[in-house]
Amino acid sequence: MSDLKDRYADAVMNTFGPPAIALARGRGARVWDTDGKEYVDLLGGIAVNALGHAHPALVEAVTTQLQTLGHVSNFFATEPQVRLAERLLELLGWTGEGRVFLSNSGAEANEAALKLTRRTGRTRLVAAEGSFHGRTMGALALTSKAAYREPFAPLPGDVTFVPYDDVAALEAAVDETVAAVVLEPIQGEAGVVVPSPDYLAAAQRIAREHGALLWLDEVQTGIARTGAWFAHQLLDGVEPDVVTLAKGLGGGMPIGATVARGAAATLLQPGNHGTTFGGNPVAAAAALAVLATVEADGLLAAATTQGDRLAALLAGLDGVVAVTGAGLMRGAELDGPYAPHAVAAGRDAGLVVNATGPSRLRFVPPLVITDADLDVVARALPTVLDHARAAHAQETSS
Ligand SMILES: *Cc1c(COP(=O)(O)O)cnc(C)c1O
(Lines give C-alpha, C1' and ligand atoms only; values in the text may rest on other atoms or scores of the structure.)
Protein backbone atom coordinates (compact mmCIF):
# COMPACT_ATOMS: atom_id res chain seq x y z
CA MET A 1 0.00 0.00 0.00
CA SER A 2 2.76 2.49 0.88
CA ASP A 3 4.20 1.96 -2.57
CA LEU A 4 0.96 3.10 -4.18
CA LYS A 5 0.80 6.11 -1.89
CA ASP A 6 4.38 7.05 -2.78
CA ARG A 7 3.60 6.74 -6.47
CA TYR A 8 0.49 8.86 -5.93
CA ALA A 9 2.61 11.57 -4.35
CA ASP A 10 5.07 11.50 -7.25
CA ALA A 11 2.51 11.51 -10.05
CA VAL A 12 -0.81 12.98 -8.91
CA MET A 13 -1.32 16.69 -8.20
CA ASN A 14 -1.61 17.29 -4.50
CA THR A 15 -5.03 18.96 -4.52
CA PHE A 16 -6.58 16.84 -1.75
CA GLY A 17 -3.61 16.11 0.49
CA PRO A 18 -2.14 12.60 0.58
CA PRO A 19 -4.74 9.81 0.67
CA ALA A 20 -4.73 7.70 3.84
CA ILE A 21 -5.93 4.49 2.19
CA ALA A 22 -5.18 2.87 -1.16
CA LEU A 23 -8.26 0.95 -2.25
CA ALA A 24 -8.26 -2.12 -4.44
CA ARG A 25 -11.85 -3.32 -4.73
CA GLY A 26 -15.38 -3.02 -3.42
CA ARG A 27 -18.67 -4.86 -3.16
CA GLY A 28 -21.92 -3.53 -1.75
CA ALA A 29 -21.10 -1.20 1.12
CA ARG A 30 -17.67 -2.76 1.72
CA VAL A 31 -14.29 -1.86 0.28
CA TRP A 32 -10.88 -3.52 0.62
CA ASP A 33 -7.52 -1.80 0.62
CA THR A 34 -4.40 -2.98 -1.18
CA ASP A 35 -3.35 -4.93 1.94
CA GLY A 36 -6.67 -6.78 1.91
CA LYS A 37 -8.13 -4.96 4.92
CA GLU A 38 -11.93 -4.66 4.82
CA TYR A 39 -13.91 -1.48 5.58
CA VAL A 40 -17.58 -0.60 5.80
CA ASP A 41 -17.87 2.35 3.43
CA LEU A 42 -19.85 5.10 5.12
CA LEU A 43 -18.82 7.70 2.54
CA GLY A 44 -19.87 5.91 -0.66
CA GLY A 45 -17.54 7.92 -2.91
CA ILE A 46 -19.06 11.09 -1.37
CA ALA A 47 -22.74 10.19 -1.76
CA VAL A 48 -22.10 8.77 -5.22
CA ASN A 49 -22.24 4.97 -4.95
CA ALA A 50 -26.00 4.74 -4.47
CA LEU A 51 -25.99 1.07 -5.47
CA GLY A 52 -22.78 0.36 -3.60
CA HIS A 53 -19.73 -1.10 -5.28
CA ALA A 54 -19.85 -3.52 -8.22
CA HIS A 55 -23.64 -3.73 -8.35
CA PRO A 56 -24.51 -6.32 -11.03
CA ALA A 57 -27.21 -4.12 -12.60
CA LEU A 58 -24.75 -1.26 -13.07
CA VAL A 59 -21.98 -3.52 -14.35
CA GLU A 60 -24.40 -5.12 -16.80
CA ALA A 61 -25.82 -1.79 -18.05
CA VAL A 62 -22.41 -0.23 -18.59
CA THR A 63 -20.93 -3.33 -20.20
CA THR A 64 -23.84 -3.88 -22.55
CA GLN A 65 -23.99 -0.22 -23.60
CA LEU A 66 -20.24 -0.01 -24.19
CA GLN A 67 -20.45 -3.11 -26.35
CA THR A 68 -23.34 -1.57 -28.29
CA LEU A 69 -22.55 2.13 -28.67
CA GLY A 70 -20.09 3.86 -26.38
CA HIS A 71 -19.72 7.50 -27.34
CA VAL A 72 -21.16 9.51 -30.22
CA SER A 73 -21.09 13.27 -29.27
CA ASN A 74 -24.01 15.65 -29.34
CA PHE A 75 -24.35 15.47 -33.10
CA PHE A 76 -26.52 12.39 -32.57
CA ALA A 77 -29.51 11.27 -30.54
CA THR A 78 -29.24 8.01 -28.63
CA GLU A 79 -31.84 6.01 -26.75
CA PRO A 80 -30.08 6.09 -23.33
CA GLN A 81 -29.68 9.89 -23.47
CA VAL A 82 -33.28 10.57 -24.43
CA ARG A 83 -34.68 7.93 -22.09
CA LEU A 84 -32.72 9.33 -19.17
CA ALA A 85 -34.00 12.85 -19.86
CA GLU A 86 -37.55 11.47 -20.02
CA ARG A 87 -37.11 9.54 -16.75
CA LEU A 88 -35.73 12.53 -14.88
CA LEU A 89 -38.66 14.66 -16.06
CA GLU A 90 -41.10 11.91 -14.99
CA LEU A 91 -39.53 11.66 -11.54
CA LEU A 92 -39.72 15.43 -11.14
CA GLY A 93 -43.30 15.51 -12.45
CA TRP A 94 -42.17 17.82 -15.27
CA THR A 95 -42.97 15.74 -18.36
CA GLY A 96 -43.90 18.06 -21.22
CA GLU A 97 -42.88 21.24 -19.40
CA GLY A 98 -39.25 20.45 -18.62
CA ARG A 99 -35.97 19.95 -20.47
CA VAL A 100 -32.70 18.31 -19.41
CA PHE A 101 -29.08 19.17 -20.17
CA LEU A 102 -26.72 16.26 -19.48
CA SER A 103 -23.11 16.81 -18.46
CA ASN A 104 -20.44 15.02 -16.46
CA SER A 105 -20.32 16.33 -12.90
CA GLY A 106 -22.04 18.44 -10.29
CA ALA A 107 -19.93 21.48 -11.06
CA GLU A 108 -20.84 21.19 -14.74
CA ALA A 109 -24.52 20.79 -13.95
CA ASN A 110 -24.26 24.01 -11.96
CA GLU A 111 -22.27 25.81 -14.67
CA ALA A 112 -25.04 25.06 -17.15
CA ALA A 113 -27.64 26.32 -14.68
CA LEU A 114 -25.60 29.46 -14.02
CA LYS A 115 -25.37 30.19 -17.75
CA LEU A 116 -29.09 29.51 -18.04
CA THR A 117 -29.82 32.15 -15.38
CA ARG A 118 -27.78 34.71 -17.35
CA ARG A 119 -30.22 34.27 -20.24
CA THR A 120 -32.99 35.74 -18.09
CA GLY A 121 -31.40 39.12 -18.78
CA ARG A 122 -30.57 39.48 -15.09
CA THR A 123 -27.13 38.79 -13.65
CA ARG A 124 -27.46 38.79 -9.87
CA LEU A 125 -27.64 35.53 -7.94
CA VAL A 126 -28.47 34.96 -4.32
CA ALA A 127 -26.78 31.98 -2.65
CA ALA A 128 -26.38 30.83 0.93
CA GLU A 129 -23.57 30.97 3.41
CA GLY A 130 -22.23 27.47 3.97
CA SER A 131 -23.13 26.51 0.40
CA PHE A 132 -21.07 24.21 -1.78
CA HIS A 133 -21.76 24.14 -5.51
CA GLY A 134 -18.46 22.89 -6.98
CA ARG A 135 -14.95 23.95 -7.91
CA THR A 136 -15.11 25.35 -11.45
CA MET A 137 -15.02 29.13 -11.58
CA GLY A 138 -18.77 29.64 -11.96
CA ALA A 139 -19.74 27.01 -9.40
CA LEU A 140 -17.08 28.39 -7.09
CA ALA A 141 -18.58 31.86 -7.43
CA LEU A 142 -21.71 30.41 -5.79
CA THR A 143 -19.75 28.55 -3.10
CA SER A 144 -19.35 30.54 0.08
CA LYS A 145 -16.26 29.02 1.68
CA ALA A 146 -13.52 31.65 1.70
CA ALA A 147 -10.68 29.11 1.68
CA TYR A 148 -11.98 27.70 -1.61
CA ARG A 149 -12.70 31.09 -3.20
CA GLU A 150 -9.94 33.45 -2.22
CA PRO A 151 -7.00 31.80 -4.05
CA PHE A 152 -8.98 32.16 -7.30
CA ALA A 153 -10.33 35.69 -7.14
CA PRO A 154 -11.71 37.36 -9.12
CA LEU A 155 -14.60 34.96 -9.64
CA PRO A 156 -17.61 35.63 -11.90
CA GLY A 157 -19.46 38.33 -10.03
CA ASP A 158 -22.84 39.47 -8.87
CA VAL A 159 -23.41 36.83 -6.16
CA THR A 160 -24.96 37.86 -2.85
CA PHE A 161 -24.57 35.44 0.07
CA VAL A 162 -27.24 35.32 2.74
CA PRO A 163 -27.32 33.26 5.95
CA TYR A 164 -28.87 29.84 5.29
CA ASP A 165 -32.32 29.20 6.73
CA ASP A 166 -32.95 32.91 7.25
CA VAL A 167 -36.15 34.03 5.49
CA ALA A 168 -35.75 37.68 6.45
CA ALA A 169 -32.28 37.75 4.90
CA LEU A 170 -33.73 36.39 1.66
CA GLU A 171 -36.52 38.97 1.74
CA ALA A 172 -33.92 41.69 2.07
CA ALA A 173 -31.59 40.36 -0.63
CA VAL A 174 -33.96 39.39 -3.43
CA ASP A 175 -35.27 42.08 -5.76
CA GLU A 176 -35.98 42.62 -9.47
CA THR A 177 -32.26 42.38 -10.33
CA VAL A 178 -31.97 38.79 -9.13
CA ALA A 179 -31.95 36.07 -11.78
CA ALA A 180 -32.10 33.15 -9.36
CA VAL A 181 -31.96 32.04 -5.78
CA VAL A 182 -29.73 28.96 -5.54
CA LEU A 183 -29.94 26.69 -2.52
CA GLU A 184 -29.13 23.17 -1.41
CA PRO A 185 -32.26 21.60 0.16
CA ILE A 186 -29.90 20.19 2.80
CA GLN A 187 -26.36 21.58 2.86
CA GLY A 188 -24.02 18.64 2.37
CA GLU A 189 -20.44 19.85 2.52
CA ALA A 190 -21.39 22.16 5.39
CA GLY A 191 -21.99 19.00 7.42
CA VAL A 192 -25.58 18.01 6.61
CA VAL A 193 -27.37 21.18 7.65
CA VAL A 194 -31.16 20.93 7.46
CA PRO A 195 -33.16 24.17 7.21
CA SER A 196 -36.53 24.77 8.89
CA PRO A 197 -39.34 22.89 7.12
CA ASP A 198 -40.83 26.08 5.65
CA TYR A 199 -37.57 27.64 4.43
CA LEU A 200 -37.59 26.40 0.84
CA ALA A 201 -41.25 27.28 0.38
CA ALA A 202 -40.48 30.78 1.63
CA ALA A 203 -37.52 31.01 -0.74
CA GLN A 204 -39.80 29.96 -3.58
CA ARG A 205 -42.40 32.59 -2.66
CA ILE A 206 -39.78 35.34 -2.40
CA ALA A 207 -38.14 34.34 -5.71
CA ARG A 208 -41.51 34.29 -7.50
CA GLU A 209 -42.56 37.66 -6.08
CA HIS A 210 -39.54 39.20 -7.80
CA GLY A 211 -39.56 37.18 -11.00
CA ALA A 212 -36.44 35.24 -9.99
CA LEU A 213 -35.91 31.53 -10.53
CA LEU A 214 -35.68 29.03 -7.69
CA TRP A 215 -32.74 26.77 -8.42
CA LEU A 216 -32.18 23.84 -6.09
CA ASP A 217 -28.80 22.14 -6.14
CA GLU A 218 -29.70 18.50 -5.49
CA VAL A 219 -26.30 17.20 -6.58
CA GLN A 220 -25.85 15.54 -3.19
CA THR A 221 -29.45 15.26 -1.92
CA GLY A 222 -30.97 13.90 -5.14
CA ILE A 223 -31.62 10.34 -6.38
CA ALA A 224 -33.12 8.73 -3.27
CA ARG A 225 -30.39 9.88 -0.87
CA THR A 226 -32.88 11.38 1.58
CA GLY A 227 -35.63 8.79 1.09
CA ALA A 228 -37.35 10.73 -1.73
CA TRP A 229 -36.21 10.93 -5.35
CA PHE A 230 -35.36 14.57 -4.67
CA ALA A 231 -35.09 16.14 -1.23
CA HIS A 232 -37.50 18.95 -2.11
CA GLN A 233 -40.18 16.30 -2.64
CA LEU A 234 -40.12 15.69 1.12
CA LEU A 235 -41.68 19.15 1.46
CA ASP A 236 -45.17 20.31 0.51
CA GLY A 237 -45.57 22.79 -2.30
CA VAL A 238 -41.92 23.23 -3.23
CA GLU A 239 -41.59 23.22 -7.03
CA PRO A 240 -38.27 24.65 -8.16
CA ASP A 241 -37.62 26.04 -11.65
CA VAL A 242 -34.18 24.47 -11.96
CA VAL A 243 -32.74 21.34 -10.34
CA THR A 244 -29.12 20.26 -10.68
CA LEU A 245 -28.06 16.64 -10.19
CA ALA A 246 -24.91 14.51 -10.28
CA LYS A 247 -23.30 12.36 -7.56
CA GLY A 248 -25.76 9.47 -7.01
CA LEU A 249 -27.23 9.75 -10.50
CA GLY A 250 -24.57 7.65 -12.21
CA GLY A 251 -23.90 5.38 -9.24
CA GLY A 252 -20.18 5.92 -9.87
CA MET A 253 -20.15 6.72 -13.57
CA PRO A 254 -19.53 10.45 -14.08
CA ILE A 255 -22.72 12.28 -15.04
CA GLY A 256 -24.46 15.54 -14.24
CA ALA A 257 -27.87 16.88 -15.18
CA THR A 258 -29.42 20.34 -15.27
CA VAL A 259 -33.20 20.12 -15.33
CA ALA A 260 -35.38 23.17 -15.91
CA ARG A 261 -39.09 23.66 -16.34
CA GLY A 262 -41.45 26.28 -17.68
CA ALA A 263 -39.82 29.38 -19.14
CA ALA A 264 -36.46 28.32 -17.69
CA ALA A 265 -36.47 25.17 -19.86
CA THR A 266 -35.91 27.11 -23.07
CA LEU A 267 -33.51 29.81 -21.91
CA LEU A 268 -30.48 28.01 -23.32
CA GLN A 269 -30.71 28.15 -27.10
CA PRO A 270 -28.66 26.50 -29.87
CA GLY A 271 -25.04 27.58 -29.55
CA ASN A 272 -25.39 28.73 -25.95
CA HIS A 273 -23.86 25.71 -24.24
CA GLY A 274 -22.32 22.32 -24.86
CA THR A 275 -20.05 19.52 -23.69
CA THR A 276 -18.48 16.76 -25.73
CA PHE A 277 -19.25 13.98 -23.26
CA GLY A 278 -22.68 15.16 -22.09
CA GLY A 279 -25.35 12.55 -22.77
CA ASN A 280 -22.68 9.91 -23.27
CA PRO A 281 -24.65 6.67 -23.82
CA VAL A 282 -22.61 4.69 -21.29
CA ALA A 283 -23.05 7.26 -18.52
CA ALA A 284 -26.73 7.61 -19.40
CA ALA A 285 -27.19 3.83 -19.36
CA ALA A 286 -25.54 3.75 -15.94
CA ALA A 287 -27.94 6.40 -14.65
CA LEU A 288 -30.92 4.52 -16.07
CA ALA A 289 -29.70 1.38 -14.26
CA VAL A 290 -29.42 3.35 -11.02
CA LEU A 291 -32.97 4.70 -11.37
CA ALA A 292 -34.37 1.28 -12.30
CA THR A 293 -32.58 -0.45 -9.42
CA VAL A 294 -33.68 2.17 -6.87
CA GLU A 295 -37.23 1.31 -7.90
CA ALA A 296 -36.87 -2.44 -8.28
CA ASP A 297 -34.96 -2.92 -5.02
CA GLY A 298 -37.02 -0.51 -2.92
CA LEU A 299 -34.09 1.76 -2.19
CA LEU A 300 -36.25 4.81 -1.45
CA ALA A 301 -37.73 2.92 1.49
CA ALA A 302 -34.31 1.49 2.34
CA ALA A 303 -32.81 4.99 2.53
CA THR A 304 -35.47 5.82 5.10
CA THR A 305 -35.33 2.66 7.21
CA GLN A 306 -31.55 2.22 7.17
CA GLY A 307 -31.15 5.99 7.55
CA ASP A 308 -33.37 5.95 10.63
CA ARG A 309 -31.37 3.07 12.06
CA LEU A 310 -28.10 4.89 11.37
CA ALA A 311 -29.47 8.08 12.95
CA ALA A 312 -30.62 6.22 16.08
CA LEU A 313 -27.28 4.48 16.34
CA LEU A 314 -25.43 7.80 16.07
CA ALA A 315 -27.73 9.54 18.54
CA GLY A 316 -27.02 6.83 21.11
CA LEU A 317 -23.26 7.32 20.98
CA ASP A 318 -21.33 8.85 23.82
CA GLY A 319 -19.95 12.14 22.49
CA VAL A 320 -22.60 12.78 19.81
CA VAL A 321 -24.61 15.86 20.76
CA ALA A 322 -26.80 16.18 17.65
CA VAL A 323 -27.75 14.12 14.61
CA THR A 324 -29.00 15.90 11.50
CA GLY A 325 -30.21 14.95 8.05
CA ALA A 326 -32.71 12.69 6.36
CA GLY A 327 -32.53 9.17 4.96
CA LEU A 328 -28.96 8.07 4.37
CA MET A 329 -27.54 11.59 4.53
CA ARG A 330 -26.64 12.19 8.15
CA GLY A 331 -24.44 14.53 10.15
CA ALA A 332 -23.23 13.93 13.68
CA GLU A 333 -22.06 16.83 15.83
CA LEU A 334 -19.44 15.76 18.37
CA ASP A 335 -18.91 17.30 21.80
CA GLY A 336 -15.40 18.37 20.83
CA PRO A 337 -13.11 19.03 17.86
CA TYR A 338 -11.98 15.45 17.41
CA ALA A 339 -13.72 14.54 14.14
CA PRO A 340 -10.42 14.18 12.20
CA HIS A 341 -9.24 11.76 14.89
CA ALA A 342 -12.51 9.84 14.47
CA VAL A 343 -11.71 9.46 10.77
CA ALA A 344 -8.30 7.99 11.67
CA ALA A 345 -9.70 5.76 14.42
CA GLY A 346 -12.45 4.64 12.04
CA ARG A 347 -9.81 3.64 9.54
CA ASP A 348 -8.08 1.50 12.17
CA ALA A 349 -11.42 -0.11 13.06
CA GLY A 350 -12.42 -0.81 9.45
CA LEU A 351 -14.83 2.07 8.84
CA VAL A 352 -14.62 4.72 6.13
CA VAL A 353 -15.83 7.82 7.98
CA ASN A 354 -15.83 11.41 6.74
CA ALA A 355 -15.36 14.67 8.66
CA THR A 356 -16.76 17.90 7.21
CA GLY A 357 -15.44 20.02 10.07
CA PRO A 358 -13.48 19.80 13.32
CA SER A 359 -16.44 18.44 15.28
CA ARG A 360 -18.67 17.24 12.47
CA LEU A 361 -18.94 13.79 10.89
CA ARG A 362 -20.92 13.05 7.72
CA PHE A 363 -22.41 9.70 6.77
CA VAL A 364 -23.55 9.15 3.18
CA PRO A 365 -23.19 5.37 2.67
CA PRO A 366 -24.49 3.35 -0.26
CA LEU A 367 -28.29 3.02 -0.24
CA VAL A 368 -27.78 -0.75 -0.29
CA ILE A 369 -26.11 -0.76 3.12
CA THR A 370 -27.34 -3.88 4.93
CA ASP A 371 -28.28 -4.67 8.51
CA ALA A 372 -25.07 -6.68 8.78
CA ASP A 373 -23.06 -3.64 7.65
CA LEU A 374 -24.81 -1.47 10.23
CA ASP A 375 -24.18 -4.12 12.91
CA VAL A 376 -20.47 -3.73 12.24
CA VAL A 377 -20.80 0.05 12.44
CA ALA A 378 -22.79 -0.14 15.69
CA ARG A 379 -20.15 -2.38 17.27
CA ALA A 380 -17.20 -0.30 16.11
CA LEU A 381 -18.27 3.32 16.53
CA PRO A 382 -18.25 3.59 20.36
CA THR A 383 -14.59 2.54 20.48
CA VAL A 384 -13.79 4.74 17.48
CA LEU A 385 -15.11 7.81 19.29
CA ASP A 386 -13.36 6.83 22.53
CA HIS A 387 -10.05 6.47 20.73
CA ALA A 388 -10.61 9.72 18.84
CA ARG A 389 -11.33 11.62 22.04
CA ALA A 390 -8.25 10.15 23.69
CA ALA A 391 -6.05 10.98 20.68
CA HIS A 392 -7.35 14.53 20.68
CA ALA A 393 -6.76 14.89 24.46
CA GLN A 394 -3.24 13.61 24.06
CA GLU A 395 -2.57 15.99 21.17
CA THR A 396 -3.80 19.06 23.07
CA SER A 397 -1.89 18.17 26.26
CA SER A 398 1.46 17.60 24.57
C1 LIG B 1 -20.46 17.62 -4.71
C2 LIG B 1 -21.34 18.77 -4.94
C3 LIG B 1 -21.18 19.59 -6.07
C4 LIG B 1 -20.03 19.44 -7.03
O5 LIG B 1 -20.08 18.24 -7.72
P6 LIG B 1 -18.76 17.72 -8.50
O7 LIG B 1 -19.23 16.50 -9.22
O8 LIG B 1 -17.72 17.46 -7.47
O9 LIG B 1 -18.35 18.80 -9.43
C10 LIG B 1 -22.10 20.59 -6.28
N11 LIG B 1 -23.12 20.78 -5.43
C12 LIG B 1 -23.31 20.03 -4.33
C13 LIG B 1 -24.48 20.29 -3.45
C14 LIG B 1 -22.41 19.00 -4.06
O15 LIG B 1 -22.57 18.26 -2.95
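Biologist: In what sense do strand 1 and strand 2 pair, and over how many bridges?

Modeller: They pair in the antiparallel sense, over four bridges. Bear in mind that this is a predicted model. Two strands count as paired once there are at least two bridges between them, so the four bridges of strand 1 and strand 2 qualify. Within that pairing, leucine 23 stands opposite aspartate 33 in strand 2.

Biologist: What about strand 2 and strand 3: what makes them a pair?

Modeller: Strand 2 (residues 30-33) and strand 3 (residues 38-41) have three bridges, again in the antiparallel sense. The cut-off is at least two, so they are paired. Here valine 31 stands opposite tyrosine 39 in strand 3.

Biologist: And the hairpins, which glycines take a positive phi there?

Modeller: In the hairpin of strand 1 and strand 2, with two residues between the strands, glycine 28 takes a positive phi near 55°. In the hairpin of strand 2 and strand 3, with four residues between, glycine 36 does so near 90°.

Biologist: In what order do the four strands of the open sheet run, and why do strand 1 and strand 13 stand at the edges?

Modeller: The order is 1-2-3-13, with mixed pairing. Strand 1 (23-27) and strand 13 (351-352) each have a single partner strand, so one side of each is left without a neighbour in the sheet.

Biologist: How do you know that both faces of strand 2 are covered?

Modeller: Arg30 and Trp32 point to one side, Val31 and Asp33 to the other, and all of them are buried. Trp32 has company too: the charged end of arginine 25 sits over the ring of tryptophan 32, 4.2 Å from its centre.

Biologist: Why is the pair of phenylalanine 132 and tyrosine 148 called edge-to-face?

Modeller: Their ring centres are 5.9 Å apart, and rings pair within 6.5 Å. Their planes stand at 80°, and over 60 counts as edge-to-face, so the name fits. Phenylalanine 132 is in the loop between strand 5 (124-128) and helix 6 (137-141), while tyrosine 148 is in helix 7 (residues 146-149).

Biologist: Buried or exposed, what do we call phenylalanine 132 and tyrosine 148?

Modeller: Buried means under 20%, so phenylalanine 132, at 18%, is buried. Tyrosine 148 has 21%, so that makes it partly exposed. The charged end of arginine 135 also sits over the ring of tyrosine 148, 3.7 Å from its centre.

Biologist: What makes tyrosine 164 and tyrosine 199 edge-to-face?

Modeller: Their centres are 5.5 Å apart and their planes at 75°, which is over 60, so they are edge-to-face. The pair links distant parts of the chain, 35 residues apart. Tyrosine 164 and tyrosine 199 are both buried.

Biologist: How do you know that helix 10 is largely enclosed by the rest of the structure?

Modeller: 13 of its 16 residues are buried, so helix 10 counts as largely enclosed. Helix 10 (residues 281-296) reaches 22 Å from its first C-alpha to its last, close to the 22 Å expected.

Biologist: Which residue caps the N-terminal end of helix 10, and what makes it a cap?

Modeller: That's asparagine 280: a side-chain oxygen lies 2.9 Å from the backbone nitrogen of valine 282. A polar contact needs N or O atoms within 3.5 Å, so the 2.9 Å passes. Just after helix 10, glycine 298 takes a positive phi of about 65°.

Terms used
Residues numbered from 1 in each chain as written. Predicted model: local features only at pLDDT ≥ 70, side-chain atom pairs only at ≥ 80, totals over all residues. Heavy atoms only, no water. Phe/Tyr/Trp six-rings, centres within 6.5 Å; stacked < 30°, edge-to-face > 60°. Buried < 20%, exposed > 50% of the residue type's maximum accessible area, 1.4 Å probe, protein only. Lys NZ or Arg CZ within 6 Å of the ring centre and 35° of its normal. Expected span 1.5 Å × (residues − 1). Polar contact = N/O pair within 3.5 Å; in protein donor to acceptor, adjacent residues only side chain to side chain.
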